[in-house]
Amino acid sequence: MTYELYAIRYATNPRRQVRDNFMVAPGDIHDGPMPMDFFVWAAVRDGHAILIDSGADRETCTKRGHDFLRCPTEGLAALGVKPENVTGIISTHLHWDHAGNFEKFPRARFHAQACEIQHAVGPCMCRPFLRRAYDVEQVVSFVRLVHGERVTFHEGESEVAPGITVRHVGGHAPGLQVVRVHTKRGWVVLASDAMHFFANVETGVPFPVVVNVEDYLAAQAMLPSLGESRQHVIPGHDPKVMAMYPAVAPDVIRLDVAPA
């Protein structure tokens, strides 16, 4: 089964600097502007969609110093997809920018790695450094979904639907999972925060929010093998993808075609 695949940009931050996006300054990159974009992704077929991550709302983005652009539901509307026609949401992990807006998708079933919710509600949240990437209200909302029997937990590699699989990689977050989507150009890998920017891979220097550096680097080395090629791996926050793929609506690009 094949899907149309889209990235929807819902927020941005043009004020970020190189030093904000690397654990240590790469030797061949001088400090300077390095903007960050925020996306959700949609695998669309016959007017229905499986959403990969659900973004954050205006209040949450603004509180954390980022520029909110539009609700992800607006991007879906440009694709002809109503919120009630989102049948599944894959939460790659539960950091604040990936795990909001749950209430906007009343018919969706959610998919997450079991170890991610264990981390998000466990003893590690007593440590400010580990807690800072999570939003307590979002985590509580996810727990409500669990109690409402709307969450499927995965451990390792699983098929979410024909043509869509998840794979646990960890590193950036204990339960981070990457997503493979079968499209007309083959398997495309949505790396989410296993690969924030192309430059994190090119320099070998991780993004500074990470719980296990060894797992983070191992995930990046594995990503190309999950798709057809390196050109089939989509980073989670790099503005470059907006110029590489054709736009179909404001802040909506198509990923099931070859990049420029």
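In the predicted model, K104 is partly exposed, with a relative accessible area of 29%. Its side chain meets that of E103 in a salt bridge, with an N to O distance of 3.2 Å. E103, at 60% relative accessibility, counts as exposed, because the cut-off for that class is over 50%. K104 falls in the partly exposed class because 29% lies between the limits of 20% and 50%.

The structure holds 10 salt bridges. One of them joins K63 and D135, whose closest N and O atoms are 3.7 Å apart. This pair links distant parts of the chain: K63 belongs to helix α1, whereas D135 sits in the loop between α4 (128-131) and α5, and 72 residues separate the two. The partners also differ in accessibility class. K63 counts as exposed at 60% relative accessibility, whereas D135 is buried, with a relative accessible area of 9%. The value for D135 is under 20%, and the residue is therefore classed as buried.

A further salt bridge is formed by R167 and E157, with 3.9 Å between the closest N and O atoms. R167 lies in strand β9 (residues 164-168) and E157 in strand β8 (residues 157-161), so the contact ties together parts that are 10 residues apart in sequence. R167 is partly exposed, with a relative accessible area of 27%, and E157 is likewise partly exposed, at 49%. Elsewhere, R9, D37, R70 and D251 are joined into one network by salt bridges that share partners.

D135 also appears in the description of the second largest pocket, where D57, T60, D135, E137 and Q138 lie nearest the centre among the 15 lining residues. The elements that give two or more residues to this lining are α1 (58-63) and α5 (136-147). Of the elements, α5 gives the most, with 4 residues. Helix α1 is thus named both in this lining and as the element that holds K63 of the salt bridge to D135. By class, the lining of the second largest pocket divides into 4 nonpolar, 5 polar and 6 charged residues. The space in this pocket is about 250 Å³.

The largest pocket has a volume of about 300 Å³. Its lining comprises 20 residues, and those nearest the centre are R16, W96, A133, F207 and V209. The lining of the largest pocket contains 7 nonpolar, 7 polar and 6 charged residues.

Strand pairing was examined around β5. Of the 5 residues of strand β5 (residues 86-90), 4 are buried, so the strand is largely enclosed by the rest of the structure. Strand β3 (residues 48-52) pairs with β5 in the parallel sense over 4 bridges. Strand β6 (residues 109-113) also pairs with β5 in the parallel sense, over 3 bridges. I89 of β5 takes part in both pairings: I89 is the bridge partner of L51, and the bridge partner of I89 in β6 is F110.

Definitions and conventions
Residues are numbered from 1 along each chain as its sequence is written. This is a predicted model: local features need pLDDT of at least 70, side-chain atom pairs count only at pLDDT 80 or more; totals for chains, interfaces and linings use all residues. Side-chain values use heavy atoms; hydrogens and water are left out. Buried means under 20% relative accessible area, exposed over 50%, partly exposed in between (1.4 Å probe, protein chains only). Two strands pair if DSSP finds at least two bridges between them. On a 1 Å grid over the protein atoms alone, a cavity is a set of points where a 1.4 Å probe fits but cannot get out, and a pocket is an open set with protein on both sides within 12 Å along at least five of seven lines; lining residues have an atom within 4 Å of a point. Grid points are joined across faces, edges and corners, and a volume is the space filled by probe spheres set on the points. Ala, Val, Leu, Ile, Met, Phe, Trp, Tyr, Cys and Pro count as nonpolar, Asp, Glu, Lys and Arg as charged, and the others, Gly among them, as polar. A salt bridge is a side-chain nitrogen of Lys or Arg within 4 Å of a carboxyl oxygen of Asp or Glu.
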